[in-house]
Amino acid sequence: MVLDEFMGYKFWRFDIKVVLGEQPGVLSYLVGLVGGQAPIASHSICLPARQEHWRWVFYSCNGFHEDAPQVKYGGISNLWRDLMQRHTQARYHLQVGGGDQIYADRLFHAPSLQPWLKIDNHEVRAREPFTPGMLAEVEQFYFGSYMAHFAEPVFAAALAAIPFTFSWDDHDIFDGWGSYPDYLQRSAVFQGLFAVARRFYLLFQQHARYDNASTISATLGEYSYHQVRSIGPNVVLLSPDTRSERTINQVVPAPGWQLLFDEAARRLAAGRGCIQHLLVLLPVPIVYPKIPVSESLLASLQGGMRNSKALRDALAKISGDSGAVNVFGEPDILDDLQDHWSAAEHVQERQMVVRRLQALAEQHSVRVTFLSGDVHVGAYGCFQAHPKQYLRVVDPKFMMQVISSAIGNEPPPGGVITALETSSMASTTMGDTLDKMIKAFPGKKKLRPARNYCEVVPLHAPHTCEASGVLQPPGGLAFTLRIEHGPPGQPAGIETCTQVAPVLLAGPRSAEAAQYSSAHQGRASSASSGSAGVMGQIGSLLPGETGQQLQAGVKTMGHKLANFLARV
């Protein structure tokens, strides 16, 4: 079917249905136009067996926000070459894009937008119309950006060979969309820009239009494009649209969350215990170090700038090309702070999301894991029960946060990484739930500032949990970050780091969980690599009551004290 037309081009959609067999297979296809000048292209994709658990990749931030880093890194191709080489061995069944598949930030270089950007009075700027001249130039910008970026040679080969599901983030629209003040978000120009960005996002990334996406692409929401997808027989992927209806005060409206949780519950119930993993794609990490900057100070500065032309002029002059003030005359870092779940406006929504997912985990005995990008580092974090349960496999509150960013863009400066490492502390603001970053990298670092993507592989055999030294049952998902090594533009190889999301033996599987816990209780108490082994050994050396108090104290204070005791 023809979805749309633009500048003489037609957007075609072909729906193909395949019945999976008992063995893995290959689907080959040809693309060509009758009477067209372009040669017919032949491609193939790997098909899993009907009951096979899928192998797939996750990535985000597939581009550059400006020209200089693009030149420095030689474009996006290096990790895509590694991914396609891995594909010849691993035979991936899916690629999941976690947002910023393109970078539309150069939009504001458009000549037709310059008079609007130069309007100094915020009220006047908010009332200005989105003109036909703006519309024509903005449409050409988004169309041209997609045509050029999706034709990048190695990326284009991946799109043809590995089926994809994409969710969008701010740069697919433009930097910070949804986290600007109301006078900007509701202005005719902002709304016009969003409508064009949405049109081409749906055409290129969802193969749909705004008026038929829910029908032909099974998106959820009246004004948003939430998705719930099955990744093989045992995994469900929940992809909230965190941009379409985003404001400073909300990430997703309450009805949108309800749609998502209802559909997730329906899928899990229909799975009759066969679904082991519920993955939640949140482009901005829900577990991440809080940026060590005062939001209240910046908000006060923003208010002062809005009311004082002299202050706006002074700050613009001082900041120069540093980017401290954005093209709209607002403090540039403020939209980044308000994008994060740690922003004061999003704390209650964050807790609601976690609580609803904990309830789904307990009710359906499914392991919840978060997938995120946005921040241009590779990292792992987690939620877990507080006080900590020794065995992750029986803790429904254990939800790993996997961060894979960026496959294309450059990492943050070293000073930013140092500040984030320093500010990263475990938090128990939810009382019975602790959240923290995991020291997964050499030197006990929590963040890896290098380009990366994530390979996701099912574990069919038991494996040893690195945190406890305890053997875990099969069925877990191994999330391996494949990290570019070497100076910019001169890659010297690939480093890897793996963390495992275990299956959950709880809820409906409580009998199995009790059996597993009992079988491993002895091993858990003596595992030399785990905190419980250290705790038991030290407690046994001290007088009875003192030893009991020590053990109780360690359980209360959690993993940090256990790590300290392990080093004594």
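# Briefing: sheet, helices and salt bridges

Strand 5 (residues 56-59) and strand 6 (residues 94-97) run parallel and are joined by 4 bridges. The model described here is a predicted one. The points below begin with the sheet that contains these two strands, then turn to helix 2, to the salt bridges and to one histidine in a loop.

**The sheet**

- Within the pairing of strands 5 and 6, Phe58 has Val96 of strand 6 as its bridge partner.
- Both strands belong to an open sheet of 6 strands, whose order is 7-6-5-16-19-20 and whose pairing is mixed.
- Strand 7 (164-166) and strand 20 (493-501) are the edge strands, each of them paired on one side only.
- From one strand to the next, the twist averages 20°.

**Helix 2 and its neighbours**

- Helix 2 lies across five strands of the model, namely strand 5, strand 6, strand 16 (452-458), strand 19 and strand 20.
- The direction of helix 2 is at about 15° to strand 16.
- Helix 2 also packs with helix 6 (residues 153-161), at an angle of about 35° and with the two axes 9 Å apart.
- The crossing of helix 2 with helix 6 is left-handed.
- On the side of helix 2, the contact is made by Ser77, Trp80, Arg81, Met84 and His87; on the side of helix 6, it is made by Val154, Phe155, Ala157, Ala158 and Ala161.
- Of the residues in this contact, 7 are nonpolar, 2 are polar and 1 is charged.

**Salt bridges**

- Side chains of opposite charge can pair when their charged atoms come close.
- Over the whole structure, a search finds 21 salt bridges.
- One of them links the side chains of Asp82 and Arg482, at 2.8 Å from N to O.
- Asp82 is part of helix 2 (residues 77-90) and Arg482 is part of strand 19 (residues 477-485), so this pair ties together parts that lie 400 residues apart in sequence.
- Asp82 counts as buried because its relative accessibility is 11%, which is under 20%.
- Arg482 also counts as buried, with a relative accessibility of 12%.
- Another salt bridge joins the side chains of Arg186 and Asp182, at 3.9 Å from N to O.
- Arg186 is exposed, at 67% relative accessibility, whereas Asp182 is partly exposed, at 39%.

**A network of salt bridges**

- The side chains of Arg246 and Asp339 form a salt bridge of 3.6 Å, N to O.
- Arg246 is found in the loop between strand 9 (235-239) and helix 10 (254-270), and Asp339 in helix 13 (residues 332-339), so the pair ties together parts 93 residues apart in sequence.
- Both residues count as buried: Arg246 has a relative accessibility of 5%, and Asp339 has one of 3%.
- Asp169, Arg243, Arg246 and Asp339 are joined into one network by salt bridges that share partners.

**His340**

- His340 is located in the loop between helix 13 and helix 14 (347-364).
- The relative accessibility of His340 is 8%, so this residue counts as buried.
- Leaving aside residues up to four places away in sequence, His340 touches Val284, Tyr288, Ile291, His346, Asp374 and Val375.

Definitions and conventions: Residues numbered from 1 in each chain as written. Predicted model: local features only at pLDDT ≥ 70, side-chain atom pairs only at ≥ 80, totals over all residues. Heavy atoms only, no water. Salt bridge = Lys/Arg side-chain N within 4 Å of Asp/Glu carboxyl O. Buried < 20%, exposed > 50% of the residue type's maximum accessible area, 1.4 Å probe, protein only. Axes fitted to C-alpha atoms, helices over the stretch in contact; angles between N-to-C directions. Left-handed = near helix turned anticlockwise from the far one by under 90°. Contact = heavy atoms within 4.5 Å. Nonpolar A, V, L, I, M, F, W, Y, C, P; charged D, E, K, R; others polar. Pairing = 2+ DSSP bridges.
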